[in-house]
Structures are given as structure tokens and as C-alpha cells.
Amino acid sequence: MHFKAVIADPYTAFEKQFFQVIEDFDALGEKIGRGKRNTVKAIDLGALQVNVKSFKVPHFINQLVYRWLRKSKARRSYEYANLLLSKGIGTPKPLAYFENSGLFSLKDSYYFSEQLLHDLTYRTLVLEPDYPDHENILRQFTRFTYEMQEKKVYFKDHSPGNTLIVNNKGSYSFYLVDLNRMEFKHMNFEERMKNFDRLSPKKEMVAIMSDEYAKLSKLDPAKVFERMWHYTLEFQNRHERKKDFKKKYLRK
């Protein structure tokens, strides 16, 4: 096996510690989230607090694809984070990525970013409708998403757990995580509305987001709400069908 390491210039002094983290990954740190396919951990390196995402070994065909034809998820996460920052879009500071490759195939890979202290995630707004300043945060989040779309960033995993929120005395900053699925392109109206489909099943939240989006885009509020809610329902129906299928056929 051979590890390819790419480390941002200010952090090359941590190279040995980064490799040690990879070697001892299962025993170190605190697991974040409930990921089944990949694992994210917060790890204290003393002078540096890091988040490390370990991408599992892909199935055989994808091992070949990621080795020869496509960038690994760790590499994409690192490169996309740098691109987001260059566009003025928040994401935790990218530190490094590592790829463990055999002669013909990619095995596991790792993405290191700086640990970001945050006050909540978007999911908090879904679960806690009485969260302080709820509507203001939601409207500022909508502005963040609109500006991201204007900068030709299509974040495919725009979902409740993938935006960290920092409260700066009523002015909120937003930081994207889980970055390996993105496109950088102009988005038409339908794509922009669909980009909201996974964020909340609550009609009252979609109403606030659509109202703010209509103000920003100068589009008809009724049309914005109709399309945003349409895609939300479409996603929720697919999600429920998938859950029913798993319950019926895969959990016996």
C-alpha cells in the first residue's frame, strides 16, 4: 500500500501526527454524527483540533474508478473546501487529505479539516421550532444559500446536518461540511428550488425560506413557494418509500 499525502503549507509540521491519526483512527477521538458509510471524528492534537473524515473502502469497481478515472472523495473534499473559501463561502479550514492506494486500486482515504466551534446546525431549526431567533436565522440561511447559488455553487448534499451555524450577536455565519458532492455551474430556477428539497419537511419553514428567496431574487413569492414546496414533498415521498422498502425487505 502507498499513501499519497497532500497537506496545506501552514500545517506540514503536523504530518507525523496526521499519519499517526490514520494509523490509530479507530481508537482515537470522538465520533461525530451517525454516518454508516463513512466515519467522522473530532481529534485533539494539542496545538490543533481537527475533524477527520474516513471514507470507507469502496467496492471493487469503484476502487479502480477512484484510482484511475475519478478523484477520491477525500481529495474532492479538500479541493472543494479551498474553492469555496476562494469564493467567500464558509467551510471549516481544509488541512490535508490522504489516499491509501494499491498498485491498481484506491483503498481508504481521509480528509482533515480544522475543528470549528459552532452554536447549532440547521437541523436544530428543524427539531426546535422555538429556538431563539429562529426566523431570523432561517432568513439569513436563505440569503447564504441564494448567494452560494449566485456564485455558481451547487451543493448536492444541502441537508440539515451539513451546515454549521455560528452566532455573532445576531448576525449568523454558515459553514458547509460533507463537501464531496458539489458542482460548480449556473443553476436554473428549477434546480435552485430543488436545492432546498432536503432541508425541512415543515411547511412553515419552507414558507419563510421561499418568502426570503422571493425578496432576494425579485420573483413571484407564490411561484417560489409552490416550486420549493413541490420539491420538498417529492423528496419526502421518496424518503418514506425508501424507509418502507427497507423495513419490508431488508430488516428481516
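Partly exposed, the label that Lys 185 will carry on this tour, covers relative accessible areas between the buried limit of under 20% and the exposed limit of over 50%. Keep those cut-offs in mind at each stop. The model on screen is predicted.

**Whole chain**

Start with everything shown as a cartoon. The protein has 8 helices and 11 strands. Its chain holds 252 residues, and 45% of them count as buried. Switch on the surface. About 14000 Å² is exposed, with carbon and sulfur atoms supplying 52% of that area. Now think about contacts. Among those with a separation of 6 or more, 64% join residues 24 or more positions apart.

**Stop 1: Lys 185**

Select Lys 185. The residue sits in the loop that runs between β11 (182–183) and α6 (189–194). Its relative accessible area is 25%, so Lys 185 is partly exposed. Add Lys 152 to the selection. The two lysines are 33 residues apart in sequence, yet their C-alpha atoms lie 4.7 Å apart. Which residues does Lys 185 contact, once neighbours within four places in sequence are left aside? Show Lys 152, Val 153, Tyr 154 and Glu 191: these are its partners.

**Stop 2: Asp 178**

Step back along the chain to Asp 178. This residue belongs to the loop between β10 (171–176) and β11. Check its backbone. Phi is near 60°, a positive value in a residue other than glycine. Asp 178 has 26% relative accessibility and therefore counts as partly exposed.

**Stop 3: Asp 133 and His 134**

Select Asp 133. Look for it in the loop between α4 (122–127) and α5. Here again is a residue other than glycine with a positive phi, near 65°. Asp 133 is partly exposed, because its relative accessible area is 37%.

Move one step on to His 134. This residue is in helix α5. Is His 134 buried or exposed? At 12% relative accessibility it counts as buried, because the limit for that label is under 20%. Show side chains around His 134. Beyond residues up to four places away in sequence, His 134 touches Leu 125, Glu 128, Pro 129 and Met 205. Keep Met 205 selected, as this residue of α7 also appears at the next stop.

**Stop 4: α5 against α7**

Colour α5 (residues 134–150) and α7 (residues 203–217). The axes of these helices are 9 Å apart and meet at an angle of about 50°. The pair is therefore oblique. The crossing is right-handed.

Now show the side chains at the contact. From α5, pick His 134, Glu 135, Leu 138, Arg 139, Phe 141, Thr 142, Arg 143, Tyr 146 and Gln 149. From α7, pick Met 205, Ile 208, Met 209, Asp 211, Glu 212, Tyr 213, Lys 215, Leu 216 and Ser 217. Colour them by character. The contact divides into 8 nonpolar, 4 polar and 6 charged residues.

**Stop 5: Phe 98**

Hide the helices and select Phe 98. Its strand is β5 (residues 94–101). Phe 98 has 0% relative accessibility and so counts as buried. What surrounds Phe 98, apart from its neighbours within four places in sequence? Its contacts include the aromatic residues Phe 3, Phe 18, Phe 19, Tyr 110 and Phe 112. Phe 98 also contacts Lys 4, Ala 5, Ile 7, Ile 22, Ala 74 and Ser 109. Draw a distance to Phe 18. Phe 18 and Phe 98 are 80 residues apart along the chain, with 9.2 Å between their C-alpha atoms.

**Stop 6: Leu 85**

Bring the helices back and select Leu 85. This leucine is part of helix α3 (residues 73–86). At 38% relative accessibility, Leu 85 counts as partly exposed. Outside its neighbours within four places in sequence, its contacts are Thr 91 and Pro 94.

**Stop 7: Thr 39**

Finish at Thr 39, in strand β3 (residues 38–44). Its relative accessible area is 23%, so Thr 39 is partly exposed. Show what Thr 39 touches. Not counting residues up to four places away in sequence, the list is Phe 25, Lys 31, Val 52, Lys 53 and Ser 54. Draw one last distance, to Val 52. Thr 39 and Val 52 are 13 residues apart in sequence and 8.1 Å apart from C-alpha to C-alpha.

Key
Residues are numbered from 1 along each chain as its sequence is written. This is a predicted model: local features need pLDDT of at least 70, side-chain atom pairs count only at pLDDT 80 or more; totals for chains, interfaces and linings use all residues. Side-chain values use heavy atoms; hydrogens and water are left out. Helices (H or I, at least four residues) and strands (E, at least two) are DSSP runs, numbered from the N terminus. Buried means under 20% relative accessible area, exposed over 50%, partly exposed in between (1.4 Å probe, protein chains only). Contact means heavy atoms within 4.5 Å. Accessible areas come from the Shrake-Rupley method with a 1.4 Å probe; for residues, only the protein chains shown count as cover. Axes are lines fitted to C-alpha atoms, for helices over the stretch in contact, and angles run from 0 to 180 degrees between N-to-C directions. Angles under 35 degrees count as roughly parallel, over 145 as roughly antiparallel, 65 to 115 as roughly perpendicular and the rest as oblique. A crossing is left-handed if the near helix is turned anticlockwise from the far one by less than a right angle, and right-handed if clockwise. Ala, Val, Leu, Ile, Met, Phe, Trp, Tyr, Cys and Pro count as nonpolar, Asp, Glu, Lys and Arg as charged, and the others, Gly among them, as polar.
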